[in-house]
Amino acid sequence: MTRGVVYASPENKPAVEELTVESPGPREVVVRVLACGLCHSDLYVLETKGWGLRFPILLGHEGAGVVEEVGRDVTSVAPGDRVVIAWRAPCGECPQCRRSDSRRCSSQLRARRRLHRAADGAVLTPVLRCGTLADRAVVHEACAVRVPEELPVEQAALLACGFSTGAGAALWATPVREESSVAVIGCGGVGLATVQGALLAGAAQIVAVDVAPEKLEVARALGATDVVDAAAEDPVEAVRELTGGRGVDFAFSAIGAGTGLTQAIRMCAYAGTATLVGMPLPQTTLDVDLYADVFGRKPTIAVTHGGDTIPQQDFPFLAQAALDGRIDLSRFVTSTIRLDEVPERLPRIGEGGEIRTVAIL
Ligand SMILES: [Zn+2]
Ligand SMILES: [Zn+2]
């Protein structure tokens, strides 16, 4: 039997329902999902009454599991392989991919929608082409990324979205240079992963900024060299002071509010880089002084989507870094729950010091 968390219509609350699964088509694989993290984007689907997707919607996009069945022409994975399911897989054909710049791919390989609600046969729209808050997912083989089985599956799942988004921002989207200085605004799961990415990149100074002291403590444990309590002091002033008045080479805003990116720009040293990692809500605006903050400070202002990863090379790299103890994924899994608990827990993710809540299927 296959069950999954279905968001049936804008008025309904998500609920666990029975599903049916079609056989995989060419280059498609069926993954038996074993773990799926609850990511803010799934909550965003509820907050925006569907995120523009067609109902009914199958939630989940931070999953890992084992390949159960493969369709025709599948060559990269076989039944039994442990995989992380990527929501992004460069297409190989768009102009960016053709010029070997697939981190900027504007398209994605995708499987057909092959899961249905058992009750009425309605085809489900999986969030970000994944729908991994279900026992099974059907994805394009390029989205099924093999990782070592030694990595606990609830940690592997985080590579699918939250961790890779944060770490990838610092490693690949706007690569942090060795010995440089970094500030990370917002120490939720994604911001803490940015701290870990900056650590892997060899940053000399990593300043973590948040309003919650307990999150700053975790940031310190994960590699931050300095912390700033933004509830107690002005974070821009504090970061300048910590860097001898110069500012940081790289500043990341891992919050959705516009103040995060504004502060990131103002924290930059001359010709630094300010990167937006957190997803803003519609109609969020920026309040920057074009003369002093932008022209005068000359920052590069960048955006990353999911850490701009190339999953087939980056997920195994991060999995190995975790196995080698160079990053600590275990610290990110603060609770594990059953699939039946997801509808009730999803609206409360991040509360009470939670970093990542992971459903075990
Ligand atoms: Zn492409
Ligand atoms: Zn996500």
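Student: In this predicted model, which residues coordinate the zinc ion (ligand 1)?
Tutor: The donors follow the spacing C-x2-C-x2-C-x7-C along the chain. Each contributes its SG atom, at 2.3 to 2.4 Å from the zinc ion (ligand 1). The residues are Cys-91, Cys-94, Cys-97 and Cys-105.

Student: What is the arrangement of the four donor atoms around the zinc ion (ligand 1)?
Tutor: Four donors count as tetrahedral if all angles lie between 85 and 135 degrees. The angles subtended here are 105 to 118°, so the arrangement is tetrahedral.

Student: Are Cys-97 and Cys-105 buried or exposed?
Tutor: Buried means under 20% relative accessible area, and exposed means over 50%. Both Cys-97 and Cys-105 fall in the class called buried.

Student: Which residues coordinate the zinc ion (ligand 2)?
Tutor: The donor spacing is C-x21-H-x99-C. The distances are 2.0 to 2.2 Å, with SG atoms from the cysteines and NE2 from the histidine. The residues are Cys-39, His-61 and Cys-161.

Student: How many residues apart in sequence are the parts that His-61 and Cys-161 tie together?
Tutor: His-61 sits in the loop between β4 (57–58) and β5 (63–70), while Cys-161 sits in the loop between α3 (153–156) and α4 (162–173). Both residues are buried. Because the two lie in these loops, the pair ties together parts whose separation in sequence is 100 residues.

Student: What is the strand order of the open sheet of six strands?
Tutor: The pairing in this sheet is parallel. Its edge strands, each pairing on one side only, are β13 and β16 (300–303). Neighbouring strands are turned by 20° against each other on average, direction ignored. The order is β13-β12-β11-β14-β15-β16.

Student: Which residue in β15 is the bridge partner of Val-248?
Tutor: Strand β14 (residues 248–253) runs parallel to strand β15 (residues 268–276), and five bridges join them. The partner of Val-248 in β15 is Cys-268.

Student: At about what angle to β11 does α5 run?
Tutor: Helix α5 lies across β11 (181–185), β12 and β14. Relative to β11, the helix runs at about 170°.

Student: Why are the buried residues of α6 on the same side of the helix?
Tutor: In α6 (residues 213–221), the buried residues are Leu-216, Val-218 and Ala-219. They are on the same side because the arc they cover around the axis is only 160°.

Student: What covers the buried residues of α6?
Tutor: The helix is followed by Gly-223, whose phi is positive, near 130°. The cover of its buried residues includes α5 (189–201), β12 (205–210) and β13 (226–229).

Student: Which residues is Ala-359 in contact with, leaving aside its neighbours within four places in sequence?
Tutor: Ala-359 belongs to strand β18 (residues 356–360). It counts as buried because its relative accessibility is 0%. Its contacts are Leu-34, Ala-35, Cys-36, Leu-133, Ile-337 and Val-342.

Student: How far apart in space are Val-342 and Ala-15, C-alpha to C-alpha?
Tutor: Val-342 is in helix α11 (residues 342–345) and is buried, with a relative accessible area of 0%. Not counting residues up to four places away in sequence, Val-342 touches Val-5, Leu-38, Leu-133, Ile-337 and Ala-359. Val-342 and Ala-15 are 327 residues apart in sequence, and their C-alpha separation is 8.4 Å.

Key
Residues are numbered from 1 along each chain as its sequence is written. Chains are lettered from A and ligands numbered from 1 in the order in which they are written. This is a predicted model: local features need pLDDT of at least 70, side-chain atom pairs count only at pLDDT 80 or more; totals for chains, interfaces and linings use all residues. Side-chain values use heavy atoms; hydrogens and water are left out. Buried means under 20% relative accessible area, exposed over 50%, partly exposed in between (1.4 Å probe, protein chains only). Helices (H or I, at least four residues) and strands (E, at least two) are DSSP runs, numbered from the N terminus. The arc is that of the directions from the helix axis to the C-beta atoms. Contact means heavy atoms within 4.5 Å. Donors are N, O and S atoms within 2.8 Å of the metal (3.2 Å for Na, K and Ca); water is not among the atoms, so sites may look incomplete. Four donors count as tetrahedral if all angles lie between 85 and 135 degrees; four count as square planar and six as octahedral if opposite donors are over 155 degrees apart and all others between 65 and 115; anything else is irregular. Two strands pair if DSSP finds at least two bridges between them. Axes are lines fitted to C-alpha atoms, for helices over the stretch in contact, and angles run from 0 to 180 degrees between N-to-C directions.
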